[in-house]
Amino acid sequence: MTARKQILSFAIVAALCSQLVCCWSLKAESPARPHIVLVMADDHGYGDTGFTGHPFVQTPHLDAMSKAGVVFNRFYASAPVCSPTRASVMTGRHPFRTNVPNHGHYMRPDETTIAEALGDAGYVTGHFGKWHIGSVQPDSPTSPGGAGFDEWLSGLNFFDNNPYLSRNGNYEHLQGPGSVISMDATIEFLTKHHGGDRPMFSVTWFPSPHDPQQELPQGIPAAATLYNDQPTKKPGYFREITLLDQQVGRLRKTLRDLGIADNTLLFYCSDNGGLIVESSGGRNKKGSIYEGGLRVPAILEWPARYRPQSIETPAFAADLYPTLVAIAGANVAHQPKLDGIDLADVLAGKQTVRPPMGFWHGHTQGQSTHSDRIIRALLEAKQAGRPNPHPERILKNVEEFPTFGEDGMRGHAAWNAWPWKLHRIQNGKQVTYELYNLVEDPMEQTDLSESQTTRVAEMKADLEAWQRSVLDSWSGKDYMK
C-alpha cells in the first residue's frame with residue numbers, strides 16, 4: 001500500500017435502507033467467510049437476457065442463476081461507460097473521485113481497492129479479463145498487481161479473438177475467444193487455490209459483448225449465423241451475450257465440481273447500459289445518464305446465505321466495495337468518502353429506502369486505448385530488446401490533481417432519490433433541469449420539473465453539494481492529512 005494511501009481520511013459508511021419485492025428470509029446460520037467471485041460484462045444491456053424478458057437471446061445459465069439467487073431489478077452501473085464503473089467497483093467511490101471521469105483514464109494508486117482490502121483480510125486475489133483503469137506493464141502501480149491482485153491475466157481495454165494480454169506483467173499472444181480465455185484463467189485460479197487455507201477473491205471482466213463482436217458461442221451449430229434471422233442490426237452483440245452466458249455456466253459448474261458453490265458469493269452485472277435502445281430498460285442506451293445507459297442486469301448467488309429473491313430497492317456498482325469489505329471482515333484503516341453502501345440490510349429486507357445515488361458524465365473526454373496494438377508493441381519491443389514504446393502509459397496523469405473553476409460542474413449529472421430522479425445538464429453557462437418519477441414514468445418521458453418546484457429545489461441543492469464534494473475528491477483533498 002502506498003504512503004499516500006496511509007494518510008487517506010477515515011469515513012464510516014452510512015446505514016443502509018432498502019425495499020424488497022419478495023421477502024424470503026435470510027438463512028439462519030451465518031457461514032464462514034465466503035469465496036467471492038465478481039463477473040462483469042462489457043455493454044450488456046438490462047433487457048438483453050432471458051430472465052429480463054428478451055424475446056430471442058439465449059441465456060440459459062444466467063436464467064438459471066436468476067432462479068437460484070438474488071435478482072436486483074433496479075441495479076445501476078456507476079457510469080454509462082466502462083472505465084468509470086470499473087473504478088467504482090474497485091473503490092466504492094464515484095469514479096471522478098478516483099481520477100476516472102471517462103473511458104481510458106487511470107485510477108489513482110492513492111485509492112484503496114477492494115483487492116487490497118480483501119488481500120489484507122487474508123484473501124488470495126486474482127483479476128482476469130478487461131482492466132481499462134490503468135496499465136498492464138510490470139511494476140506499474142496502476143496495473144492489476146499494483147491495485148492489489150496477486151495474479152492477473154488482463155487486457156488494457158476490450159479485446160476479441162486471439163488477444164494480446166499481460167500475465168502478471170509478462171506479455172502473451174493467446175489463441176481463442178477472449179471471453180473463453182478470461183474464464184479459462186478464472187477457473188485455473190479457482191482450481192489452484194480452492195483447497196488452500198485462504199478464501200479466494202476473483203474478478204472476471206469479460207471483453208464481450210463490446211464490439212467488434214467477432215467471438216462466437218461454443219458448440220452451437222451454425223454459430224456464425226446465430227440470430228441473423230432475428231429482427232436485429234447487431235446479431236454479433238447477441239452472439240457474444242450467449243457466449244458469455246456459456247462462460248457463466250462453466251464457472252457455476254466449476255464451483256459445484258470443486259465443492260465450494262454453497263459458500264461462494266457469485267455476482268454478475270454489466271459495466272454500463274447496452275447497445276440496443278429497445279431493450280435497454282429505459283430511455284436511451286450506453287453513454288447516456290438516462291436509465292437506458294445505466295440500468296444493467298444483476299444477480300447475486302450465495303446459497304449458504306441467501307434464498308432466491310427479487311429486490312426492487314435500487315443499488316449500484318459502488319455498493320459492491322462496502323458490501324464485500326463488511327462480508328470479508330476487512331479493516332480499511334483510512335477509508336476516504338464512499339458513495340456506495342453496505343447492501344446487507346437490503347438483502348435481509350430490514351429497511352425500505354436507501355440514500356440517493358449520484359451520477360455524472362460528459363465532464364471530460366475519454367481517451368483511446370487500443371489494447372492489442374499497445375500490448376503487441378510492448379511484447380515485440382521486449383523480444384527485440386528495444387526500449388519501452390509506451391512509457392507514458394505507466395502512470396498517465398494519476399499524479400496530477402486538477403482544480404476546477406466556474407465550469408467545473410459541466411456535463412450531465414443526475415440525482416436518483418428513489419423514485420425521483422433529477423437531471424442537471426450544463427452546456428457552457430446554460431443549465432437545465434429535468435425531473436422524473438421512475439415508478440410512474442420509467443422511460444423518463446414526462447418532465448415534472450415545472451410542477452414540482454419545491455422538490456426540484458431540494459434535490460438540486462443535494463445534487464450540487466454532492467458534485468462539489470466529488471470535485472474536492474478529484475483535486476486530492478481526500479488524500480490530505
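Visitor: To begin with one strand pairing, in what sense do strand β3, residues 75-76, and β10 pair, and over how many bridges?

Guide: In this predicted model, strand β3 and β10 pair in the antiparallel sense, and the pairing extends over 2 bridges. At the level of residues, Phe75 stands opposite Val296, which belongs to β10.

Visitor: In which order do the strands of that open sheet lie, and which are its edge strands?

Guide: The open sheet is formed by 3 strands in the order β10-β3-β13, and the pairing within the sheet is mixed. Its edge strands are β10, residues 295-296, and β13, residues 315-316, each of which pairs on one side only.

Visitor: How should I read the pairing of β16 with β17, and how many bridges join them?

Guide: As a general idea, side chains in a regular strand alternate between the two faces of the sheet. In the present case, β16 (residues 420-427) and β17 (residues 430-437) run antiparallel and are joined by 8 bridges. To follow the register, one can start from Ile425, whose bridge partner in β17 is Thr432.

Visitor: How many residues lie between the strands of that hairpin, and which residue takes a positive phi?

Guide: The hairpin of β16 and β17 has 2 residues between the strands, and Gly428 takes a positive phi near 65°.

Visitor: Turning to a loop residue, where is the place of Thr369, and is Thr369 buried or exposed?

Guide: Burial is read from the relative accessible area, with under 20% counting as buried. Thr369, which lies in the loop between β14 (357-361) and α9 (371-384), has a relative accessible area of 8% and is therefore buried. Leaving aside neighbours within four places in sequence, Thr369 is in contact with several residues, among them Gly104, His132, Asn157 and Arg393.

Visitor: What is the secondary structure of the chain as a whole, and why can the chain be called as compact as a globular protein of that length?

Guide: The secondary structure comes to 10 helices and 17 strands. The radius of gyration is 21 Å, close to the 23 Å that the globule rule gives for 481 residues, so the chain is as compact as a globular protein of that length. The C-alpha trace spans about 60 × 50 × 50 Å along its principal axes, and 60% of the residues count as buried.

Visitor: What share of the contacts with a separation of 6 or more comes from residues 24 or more positions apart, and how far apart are the mean positions of the charges?

Guide: Residues 24 or more positions apart account for 73% of those contacts, while the mean positions of the 45 positive and 51 negative charges are 1 Å apart.

Technical notes. Residues numbered from 1 in each chain as written. Predicted model: local features only at pLDDT ≥ 70, side-chain atom pairs only at ≥ 80, totals over all residues. Heavy atoms only, no water. Helix = DSSP H or I, 4+ residues; strand = E, 2+ residues; numbered from the N terminus. Rg over C-alpha atoms; globule rule 2.2 N^0.38 Å. Buried < 20%, exposed > 50% of the residue type's maximum accessible area, 1.4 Å probe, protein only. Contact = heavy atoms within 4.5 Å. Lys, Arg positive; Asp, Glu negative; His and termini not counted. Charge placed at Lys NZ, Arg CZ, Asp CG, Glu CD. Pairing = 2+ DSSP bridges.
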